[in-house]
Amino acid sequence: MNVDRRNVKAHANCPSDDSGSDSEENLRVSRSLKTFEQVFDEDGELVVKWPSVCKVIPERIKHVKGLPNKIEMFYDPNGKETQIQPIGEEYGVTVYNHDLKCDANYFSRSILEEKFKQKFKVDKDPIPKDIQEDSLLFESRFESGNLTKAIRITDTYYELRLRPDLYTSRHCQWFYFRIKNMKADVEYRFSFVNFGKPDSQYSVGMKPVMYSEMEAERSGIGWMRAGTEMTYFREQQLEDSDKPRKYIMSFVIQFPHDNDTVYLSHCYPYRYSDLIEDLNN
């Protein structure tokens, strides 16, 4: 799961964690929330508990921790980067749709991972059955994943919409999701169309991080910076619309291998389960 813990209000049995700015929204936590000892299986693997609102795939996502042995440079913006306004489903085709619904605006209870696996079979598949064979295949139903919708505009251009951090209504800057069925050396363009911050390091060339399973197996290197033509800009205000304008981050990326399994993220993911396993070791 991805939750904004930078400004957490103290409740009964809940320590405060106030390291964010006053402008950010508070994480809402149930007053009856309690802590419990972590559960491990017979092999010593952490049994993860998930917020009850989450839907997760059965497989556990793991990454090697090797990093490139060279400095990874920012992209150098030239002011000529393409800035495409959102087009949406009117002109595109939805190829991934996982709209997570929260009945409450605060964390109330969790469910063991095994129970999620049991109920997984009845969950609606976010990938449509009639998806085209050459379409990228997206997935984010795993820990810290938060892609909620992917719309294919052209063969190589996708609009992506992210879920705000759990139990907040507007904090949306993190992303982490999986991609399959790509072609190597093809330039794909991705546009995240619902960022909330008015400014970002992407505007000065910061690159997202990419993890290629094939590359990790061959070289032992996991996450690396990837992408070019990064641009960050505000969407245009529509006539007769009183909705606040979102911000868009758009970039171009080439994948290193055909039919690889690749993960893209805002930064190197360090998940709750990673922390618990590191402490356990």
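**Figure 1. A salt bridge links R189 and E229 in this predicted model.** The N-to-O distance between the two side chains is 3.0 Å. R189 belongs to strand β12 and E229 to strand β15, so the contact ties together parts that lie 40 residues apart in sequence. Opposite charges on side chains can pair when the charged atoms come close. The two partners differ in cover. R189 is buried, at 11% relative accessible area. E229 is partly exposed, at 25% relative accessibility. Why do the two fall into separate classes? Buried means under 20% relative accessible area, and partly exposed lies between that limit and 50%. R189 also has a backbone-level partner to look for: its bridge partner in β16 is V252.

**Figure 2. Strand β16 is flanked by β12 and β15.** Strand β12 covers residues 188–195 and pairs with β16 in the antiparallel sense over six bridges. Strand β15, residues 228–234, also pairs with β16 in the antiparallel sense, here over five bridges. One residue pair marks each contact. On the β12 side, R189 is matched with V252 of β16. On the β15 side, T231 has S250 of β16 as its bridge partner.

**Figure 3. The side chains of β16 are covered on both faces.** Strand β16 spans residues 247–253. How many of its seven residues are buried? The count is seven of seven. In a regular strand, side chains alternate between the two faces of the sheet. Here Y247, M249, F251 and I253 point one way. I248, S250 and V252 point the other way. Both groups are buried. Two residues from the second group return from the previous view: V252 is the bridge partner of R189, and S250 is the bridge partner of T231.

**Figure 4. Five strands form an open, antiparallel sheet.** The strand order is β8-β11-β17-β13-β14. Which strands stand at the edges? They are β8 (137–139) and β14 (223–225). Each has a single partner strand, so one side of each is left without a neighbour in the sheet. Neighbouring strands of this sheet are turned by 30° against each other on average, with direction ignored. At the β14 edge, strand β13 (residues 209–212) pairs with β14 in the antiparallel sense over three bridges. V209 has R225 as its bridge partner in β14.

**Figure 5. Strand β17 sits between β11 and β13 in the sheet order.** Strand β11, residues 176–180, is joined to β17 by four bridges and runs antiparallel to it. F177 stands opposite L264 of β17. Four bridges also join β13 to β17, again antiparallel. Here S212 is matched with V262 of β17. Both faces of β17 are covered. V262 and L264 are buried on one side. Y263 and S265 are buried on the other.

**Figure 6. Further salt bridges appear at E139–R141 and R271–D274.** How many salt bridges does the whole structure hold? A search finds nine. One of them joins E139 to R141, with the closest N and O atoms 2.8 Å apart. Both partners count as buried: E139 has 6% relative accessibility and R141 has 7%. The side chains of R271 and D274 meet at 3.0 Å, N to O. R271 and D274 are buried as well. Salt bridges that share partners also join D134, R152 and D155 into one network.

**Figure 7. A nonpolar patch lies on the surface around Y270.** The patch is made by Y270, Y272, L275 and L279. Its area is about 450 Å². Y270 is found in the loop between β17 (262–265) and α3 (272–280).

**Figure 8. Two cysteines, C172 and C267, differ in cover.** Is C172 buried or exposed? C172 is buried, because its relative accessible area is 5% and the limit for that class is under 20%. C267 counts as partly exposed at 30% relative accessibility. The structure holds zero disulfides.

Terms used
Residues are numbered from 1 along each chain as its sequence is written. This is a predicted model: local features need pLDDT of at least 70, side-chain atom pairs count only at pLDDT 80 or more; totals for chains, interfaces and linings use all residues. Side-chain values use heavy atoms; hydrogens and water are left out. Patches are made of residues with over 30% relative accessible area and no salt bridge: like charges are joined within 9 Å, nonpolar side chains (Val, Leu, Ile, Met, Phe, Trp, Tyr) within 5 Å. Accessible areas come from the Shrake-Rupley method with a 1.4 Å probe; for residues, only the protein chains shown count as cover. A salt bridge is a side-chain nitrogen of Lys or Arg within 4 Å of a carboxyl oxygen of Asp or Glu. A disulfide is a pair of cysteine sulfur atoms within 2.5 Å. Buried means under 20% relative accessible area, exposed over 50%, partly exposed in between (1.4 Å probe, protein chains only). Two strands pair if DSSP finds at least two bridges between them. Axes are lines fitted to C-alpha atoms, for helices over the stretch in contact, and angles run from 0 to 180 degrees between N-to-C directions.
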